[in-house]
Amino acid sequence: DVASLMAELLTRSFQLGFRAAAPIGFSLLLAMLVMGLLARVIPQLNSIGLGLSVNLILLLGMSCLSLGAVTWMFEQHVADGLQLLTQVLRGPGLPGS
C-alpha cells in the first residue's frame with residue numbers, strides 16, 4: 001500500500017541522515033568534552049578561542065574524511081528510493097509489479 005511504502009521511504013531517509021551526520025557529530029562531541037576537561041584542568045587556557053579553532057579544523061577534517069562514505073550511502077539510498085517509488089507508481093494491479 002502507498003502509505004506504508006512512503007513511510008518506509010521516510011524512515012530510510014531519516015536513518016540515512018543520522019548515519020551521515022554521526023561521524024561528524026561524534027567527533028565534535030568528543031572535542032567539546034576534551035576542551036571542557038582542558039578548561040577545568042588549565043583555567044588560564046583561552047578555551048573559547050582555542051575551542052572554536054579546534055572545532056572548525058575537526059569539522060573540516062571529518063567532513064573530508066567521511067565524504068566518500070556519505071556519497072556511497074546516498075547513492076545506495078537513491079537507488080533504493082527510486083525502486084520504492086517506481087513500486088508505488090506502478091500500483092498493485094499493473095503488470096511488472
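Me: Where do E8 and R12 lie, and how many residues apart are they?

Reply: In this predicted model, E8 and R12 both belong to helix α1, where they are four residues apart, or about one turn of the helix.

Me: What makes the pair E8 and R12 a salt bridge?

Reply: The closest N and O atoms of E8 and R12 are 3.0 Å apart, and the rule asks for a side-chain nitrogen of Lys or Arg within 4 Å of a carboxyl oxygen of Asp or Glu, so the pair counts as a salt bridge. By this rule the count comes to one salt bridge.

Me: Why are E8 and R12 called partly exposed?

Reply: E8 has a relative accessible area of 34% and R12 has 31%; because partly exposed covers what is between buried, under 20%, and exposed, over 50%, both residues receive that label.

Me: Why is N55 of helix α2 called buried or exposed, and which residues does N55 touch?

Reply: N55, which lies in helix α2 (residues 47-90), has a relative accessible area of 17%, and since buried means under 20%, N55 is therefore buried. Leaving aside residues up to four places away in sequence, N55 touches L28, A31 and M32.

Me: Which residues of α1 are buried, and what covers them?

Reply: The buried residues of α1 are L9, L16, A20, I24, S27, A31 and M35, and what covers them includes α2.

Me: How do you know that the span of α1 is close to the expected one, and where does α1 bend?

Reply: With 40 residues, α1 reaches 57 Å from its first C-alpha to its last, which is close to the 58 Å expected at 1.5 Å a residue. The helix α1 bends by about 45 degrees at A22, and a proline, P23, follows within four residues.

Me: Why do L30 and L33 of α1 receive the labels partly exposed and exposed?

Reply: L30, found in helix α1 (residues 2-41), has 46% relative accessibility, and L33, found in helix α1 as well, has 54%. Because exposed means over 50% and buried under 20%, L33 counts as exposed, whereas L30 counts as partly exposed.

Me: What makes L30 and L33 part of a nonpolar patch?

Reply: Patch residues need over 30% relative accessible area, and nonpolar side chains are joined within 5 Å; L30 at 46% and L33 at 54% satisfy the area requirement, so they can be included. The patch on the surface is formed by F26, L29, L30, L33, V34, L37, L38, V41 and I42, with about 860 Å² of accessible area together.

Terms used. Residues numbered from 1 in each chain as written. Predicted model: local features only at pLDDT ≥ 70, side-chain atom pairs only at ≥ 80, totals over all residues. Heavy atoms only, no water. Patch = residues over 30% accessible without salt bridge, like charges linked within 9 Å, V, L, I, M, F, W, Y side chains within 5 Å. Areas by Shrake-Rupley, 256 points an atom, 1.4 Å probe, with all protein chains shown as cover. Helix = DSSP H or I, 4+ residues; strand = E, 2+ residues; numbered from the N terminus. Buried < 20%, exposed > 50% of the residue type's maximum accessible area, 1.4 Å probe, protein only. Contact = heavy atoms within 4.5 Å. Expected span 1.5 Å × (residues − 1). Bend = angle between axes of the 7 residues up to and from the residue.
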